[in-house]
Amino acid sequence: MLNIELNGRVPSDIADLQRLTSANYGHFTSMQVRGLAVRGLALHLARLSDGNEEFFNYRMGIDDEQRLLALIRHALGDETDASVRVGFVPPSTRGAAPDILISVSEPRDDTAASPLRVRTDGYRRDWPAQKHAATMGLTYAVQQARLAGYDDALFVAPDNLVSEGTTWNVAFFDGDRVIWPQAPMLKGVTMVLLQLALTMNGTPWTLRPVDAVELPLLAGAAAVNSICPAQPIGSIDGMPFPADDKLVSLLRDAWESVPFDAL
């Protein structure tokens with residue numbers, strides 16, 4: 001399954017193809033669709049609206065949101081379960097509203113993989129609050145981590161504060177509560193939904209700065225994104241975390257309580 005549509009049609013014009021492949025500018029959100037529904041749909045729409053104001057000086061209204069949902073349904077066609085990426089890219093006509101690029105691919109299993117071996121990296125994304133197209137730095141960080149024998153990278157700023165992973169937020173556990181780092185980073189939809197769900201089910205959690213020197217004192221760590229809400233992290237810079245990490249079960253239980261929103 002693979003479908004890509006630009007403003008509701010498959011891009012075939014050579015000018016459109018040239019523009020899409022050469023202009024690395026825009027923003028996006030990624031979601032897992034199940035039964036034509038998405039967890040946190042309002043948060044995805046809010047992210048796209050914020051990105052349009054930031055990068056295109058364009059404010060989305062209710063009509064824009066309804067059109068966007070119709071374009072997502074059109075791109076899905078007969079598919080009810082899928083991975084969907086919704087992006088806004090520069091328009092072909094100067095001064096017009098940004099174009100909408102939607103790609104549909106196979107749904108991703110949210111089952112956690114083997115615990116990740118992560119190393120810290122000093123990179124920080126440009127415009128960290130936005131999910132945007134400038135992803136080469138992320139890819140480079142992953143590549144360098146793998147060349148060094150790790151699976152992925154966790155970003156630590158010059159002030160030694162932990163922020164986020166390459167394509168994921170990070171959650172820690174101190175034995176009593178879930179800890180989310182407070183730093184310039186992307187407020188991932190899955191992270192925000194988990195925070196709400198943890199509150200609703202009475203699981204203690206906090207948002208605070210996390211200094212990298214604290215990492216050896218913590219009882220667990222997990223990567224969180226739209227593909228997997230609780231991917232265990234087995235080690236950071238070679239420092240292992242317990243194999244029976246309670247954090248993963250807390251996050252997984254919270255995630256199962258998050259409702260779906262119809263597209």
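This report describes strands, nonpolar cores, a pocket and several single residues in a predicted model.

## Strands and the largest core

Strand S4, residues 82-89, is a useful place to start. Of the 8 residues of S4, 7 are buried, so the strand is largely enclosed by the rest of the structure. S4 pairs with S2 in the antiparallel sense, over 7 bridges. S4 is also joined to S5 by 7 bridges, and these strands too run antiparallel. Two facing positions can be named: Thr 29 stands opposite Val 86 in S4, and Phe 88 stands opposite Ile 100 in S5.

These strands also contribute to the largest nonpolar core, which has 23 residues. The residues with the most contacts inside this core are Leu 68, Ile 72, Leu 76, Val 84, Val 86, Ile 102 and Leu 263. The elements that give two or more residues to the core are strand S2 (27-33), helix H2, helix H3 (62-76), strand S4 (82-89) and strand S5 (99-105). Helix H3 gives the most, with 6 residues. In soluble globular proteins, nonpolar side chains tend to be buried together.

What does Val 86 contact, leaving aside its neighbours within four places in sequence? The list has His 27, Phe 28, Thr 29, Met 31, Leu 48, Leu 68, Ile 72, Ile 100, Leu 101 and Ile 102. Among them, Leu 68, Ile 72 and Ile 102 are named with Val 86 as residues that have the most contacts inside the core.

A second core is separate from this one and has 20 residues, including Leu 193, Leu 198, Val 224 and Ala 230.

## The second largest pocket

The second largest pocket has a volume of about 230 Å³. The residues that line this pocket are Leu 43, Ala 46, Arg 47, Asp 50, Ala 129, Gln 130, Met 185, Leu 186, Lys 187, Gly 188, Val 189 and Val 192. Helix H2 (41-56) and helix H5 (189-200) are the elements that give two or more residues to the lining. Helix H2 gives the most, with 4 residues. By class, the lining has 7 nonpolar, 2 polar and 3 charged residues.

Two of the lining residues can be followed further. Gln 130 is placed in the loop between strand S6 (116-121) and helix H4 (136-147). Not counting residues up to four places away in sequence, Gln 130 touches Arg 47, Asp 50, Gly 51, Glu 54, Phe 55, Arg 125 and Leu 186. Of these, Arg 47, Asp 50 and Leu 186 also belong to the pocket lining. Gln 130 lies 129 residues along the chain from Met 1, and their C-alpha atoms are separated by 28 Å.

Val 192 has its place in helix H5. Its contacts, leaving aside neighbours within four places in sequence, are Leu 43 and Lys 187, both also listed in the pocket lining. Val 192 and Leu 247 are 55 residues apart in sequence and 16 Å apart in space, C-alpha to C-alpha.

Helix H2 also holds Ser 49. Ser 49 touches Tyr 58 and Met 60, not counting residues up to four places away in sequence.

## Two loops with a positive phi

Asn 7 lies in the loop between strand S1 (2-6) and helix H1 (14-22). Asn 7 is not a glycine, yet its phi is positive, about 55°.

Asn 160 is found in the loop between S7 and S8. Strand S7 (residues 152-156) and strand S8 (residues 162-165) pair in the antiparallel sense over 2 bridges. Val 156 has Val 162 in S8 as its bridge partner. The hairpin of S7 and S8 has 5 residues between the strands, and there Asn 160 takes a positive phi near 75°. Asn 160 is not a glycine either.

## Accessibility of the single residues

Which of the single residues are buried, and which are partly exposed? The table gives the relative accessible area of each; under 20% counts as buried.

| Residue | Relative accessible area | Class |
|---|---|---|
| Gln 130 | 11% | buried |
| Ser 49 | 13% | buried |
| Val 192 | 21% | partly exposed |
| Asn 160 | 29% | partly exposed |
| Asn 7 | 31% | partly exposed |

Val 192, at 21%, is partly exposed because the buried class requires a value under 20%.

Definitions and conventions. Residues are numbered from 1 along each chain as its sequence is written. This is a predicted model: local features need pLDDT of at least 70, side-chain atom pairs count only at pLDDT 80 or more; totals for chains, interfaces and linings use all residues. Side-chain values use heavy atoms; hydrogens and water are left out. On a 1 Å grid over the protein atoms alone, a cavity is a set of points where a 1.4 Å probe fits but cannot get out, and a pocket is an open set with protein on both sides within 12 Å along at least five of seven lines; lining residues have an atom within 4 Å of a point. Grid points are joined across faces, edges and corners, and a volume is the space filled by probe spheres set on the points. Ala, Val, Leu, Ile, Met, Phe, Trp, Tyr, Cys and Pro count as nonpolar, Asp, Glu, Lys and Arg as charged, and the others, Gly among them, as polar. A nonpolar core is a set of buried Ala, Val, Leu, Ile, Met, Phe, Trp, Tyr and Cys residues joined through side-chain atoms within 4.5 Å. Buried means under 20% relative accessible area, exposed over 50%, partly exposed in between (1.4 Å probe, protein chains only). Contact means heavy atoms within 4.5 Å. Two strands pair if DSSP finds at least two bridges between them.
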